[in-house]
Amino acid sequence: MATLATPQKIRDLQKALYQRAKKEPNFRAYALYDKVYRDDVLAHAYALAKANGGAPGVDGVTFEDIETSGREAVLQELQEELKTKRYRPGPVRRVEIPKLSGGTRPLGIPNIRDRVVQTAAKLVLEPLFEADFDRDSYGFRPKKDAHQAIEEIREELGHGMHWVIDADISKYFDSIPHDRLMKAVAERVVDGAMLALVKMFLEAPIVEDKDGGRPRRNHQGTPQGGVISPLLANIYLNLLDRNFRRHTEEKTLQGRIVRYADDFVLLTPRRPELELAWVKQLMERLGLHLHPEKTRVLNVTEENFDFLGHEVRWTVRNTYLDVSRKSLSRMRDEIRLRTSRPQQRLETVIGELNRYINGARAYFREVRRHTLEKLDYFVAQRLARWWQRKHALQRPAWSLVWRGPLRQNLARWYEPRGRGRSRPSRPAA
């Protein structure tokens, strides 16, 4: 969700809900639905949805269309539909996103009206469940991020937890059983209208281009791409977190689960035979399954493993991070894409490269310097050959990338601390 300042009245509401839930483990909220269509909640939900942008849904309506016709009219219409309980979500547009490992990942795109309502519901529901979520759950949560999850893994490896279950839940977002998820939501929510709203989000019809645009019912799962889907996914997998923590406190199991949405690793100081059997059994109870080929047990003193795009390498002295092979392949493909159109102006190419490099470098800021230096050279190589194609030169334009203002204007993967920019040396293969 986009980062915008939350209005004080909404913050007060969220704080009150969180504190009540934190203080009373058995508290169930019975008056939530009317908060969803409050003027300030809907207005802030619209601002967040607009800041996140994204493609239009099945109806083809864009934020530009709404701004042109009048934002206030749309919000008033939504408010009236919610207040009178006439609101019904529209179909979710489903597209297939290619995966590096092959195949595709489904992405559900609700229309903008539904994104606004989902965001409003999330603003009200999230504080209740934040009070319950485990401290080792890092995905799609306020003040939590992937780097914190990775740092916890590094810390536990340093404490001798060298056995790892590198888990992969098969098609998690598409597999969550609606009835069991609704039971998990009902642990904190007794408001029937709010529960009905969440159920409508889950059961919204799906439209796929490959099916000729015919809507079909959604019997399970919560579509990736929906605003409220990450929260619902965390609510369901919190059953894994809290049950495992209870077993470790009772000393029937050992270790620690570090989870980011549906990606998690279980670290233990011993071969995790009991832990793996327990996870498989719990997954079956939840109506989920571990991918038999992608889930593996390893000892970090002998093997590396990947987590959130990083390769984790343990040594006696330290735990090192590198870019995983899949992530490295994706980054090279992105750089190739941005240097594949000779008709573009140099300033346009540099601008696109800089935006991508700065974002990716911020995420992979802890990886090996050598990997980032190799990416620097790869960018320079692609630019030199792009200029060669653009001007039909006989050889790559190395002088373009090693000298002059271009070198100062091009973002670098590796920035030496406390030093100015310098020409990257060609790394060893």
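**Notes on the model: rings, a cavity and a few single residues**

1. Start with a charge over a ring: R332 lies over the face of F378, 4.6 Å from the ring centre. The test behind that is NZ of Lys or CZ of Arg within 6 Å of the ring centre and within 35 degrees of the ring normal.

2. A word on provenance. This is a predicted model, where local features need pLDDT of at least 70 and side-chain atom pairs count only at pLDDT 80 or more, while totals for chains, interfaces and linings use all residues. Residues are numbered from 1 along each chain as its sequence is written, and side-chain values use heavy atoms, with hydrogens and water left out.

3. On to the aromatics: searching the whole structure turns up 11 aromatic pairs. One of them is Y377 with W398, which counts as stacked because the ring centres are 6.2 Å apart and the planes sit at 15°. The pair links distant parts of the chain, with Y377 in helix α15 (residues 369–390) and W398 in helix α16 (residues 398–402), 21 residues apart. For the criteria, rings of Phe, Tyr and Trp (its six-membered ring) pair if their centres lie within 6.5 Å, and planes under 30 degrees apart are stacked, over 60 edge-to-face and the rest tilted. Helices (H or I, at least four residues) and strands (E, at least two) are DSSP runs, numbered from the N terminus.

4. What about the next ring along? W398 and W402 also make a stacked pair, since their centres are 6.3 Å apart and their planes are at 10°. Both of these residues lie in helix α16, four residues apart, about one turn of the helix. Taken together, ring pairs link Y377, W398 and W402 into a cluster.

5. Are the members of that cluster buried or exposed? Y377 is buried, at a relative accessible area of 10%, and W402 is buried at 12%. W398, in contrast, is partly exposed at 26%. The cut-offs are under 20% relative accessible area for buried, over 50% for exposed, and partly exposed in between (1.4 Å probe, protein chains only).

6. R389 also belongs to helix α15, and with 39% relative accessibility it counts as partly exposed. Leaving out residues up to four places away in sequence, R389 touches T339, S340, P342 and R382, where contact means heavy atoms within 4.5 Å. If you want a long baseline, R389 and D12 are 377 residues apart in sequence and 59 Å apart in space, C-alpha to C-alpha.

7. Which residues does I357 touch, neighbours within four places in sequence aside? The contacts are V379, A411, R412 and W413. I357 sits in helix α14 (residues 346–363) and is buried, with a relative accessible area of 0%. Its C-alpha is separated by 40 Å from that of H219, 138 residues apart along the chain.

8. K35 may catch your eye as a buried lysine: its relative accessible area is 18%. It is found in helix α2 (residues 33–36). Apart from neighbours within four places in sequence, K35 is in contact with L13, V41 and V124.

9. How many cavities of 30 Å³ or more does the structure hold? There are four, and the second largest has a volume of about 100 Å³. Here a cavity is a set of points, on a 1 Å grid over the protein atoms alone, where a 1.4 Å probe fits but cannot get out, and lining residues have an atom within 4 Å of a point. Grid points are joined across faces, edges and corners, and the volume is the space filled by probe spheres set on the points.

10. The lining of that second largest cavity comprises 17 residues, with V92, P110, Q118, F201 and P223 lying nearest its centre. At least two lining residues come from each of β2 (104–109), α6 (112–130) and α10 (192–203). By class, the lining has nine nonpolar, seven polar and one charged residues. In this scheme Ala, Val, Leu, Ile, Met, Phe, Trp, Tyr, Cys and Pro are nonpolar, Asp, Glu, Lys and Arg are charged, and the others, Gly among them, are polar.

11. Finally, some backbone angles to look at. K171 has a positive phi of about 50° although it is not a glycine; this residue lies in the loop between β3 (163–168) and α8 (172–175) and is exposed, at 63% relative accessible area. A261, not a glycine either, has a positive phi of about 55°. A261 is in the loop between β6 (256–260) and β7 (263–268), and is buried at 7%.

Methods:
1 Å grid on protein atoms, 1.4 Å probe; cavity = no way out; pocket = protein on both sides within 12 Å on 5 of 7 lines; lining within 4 Å.
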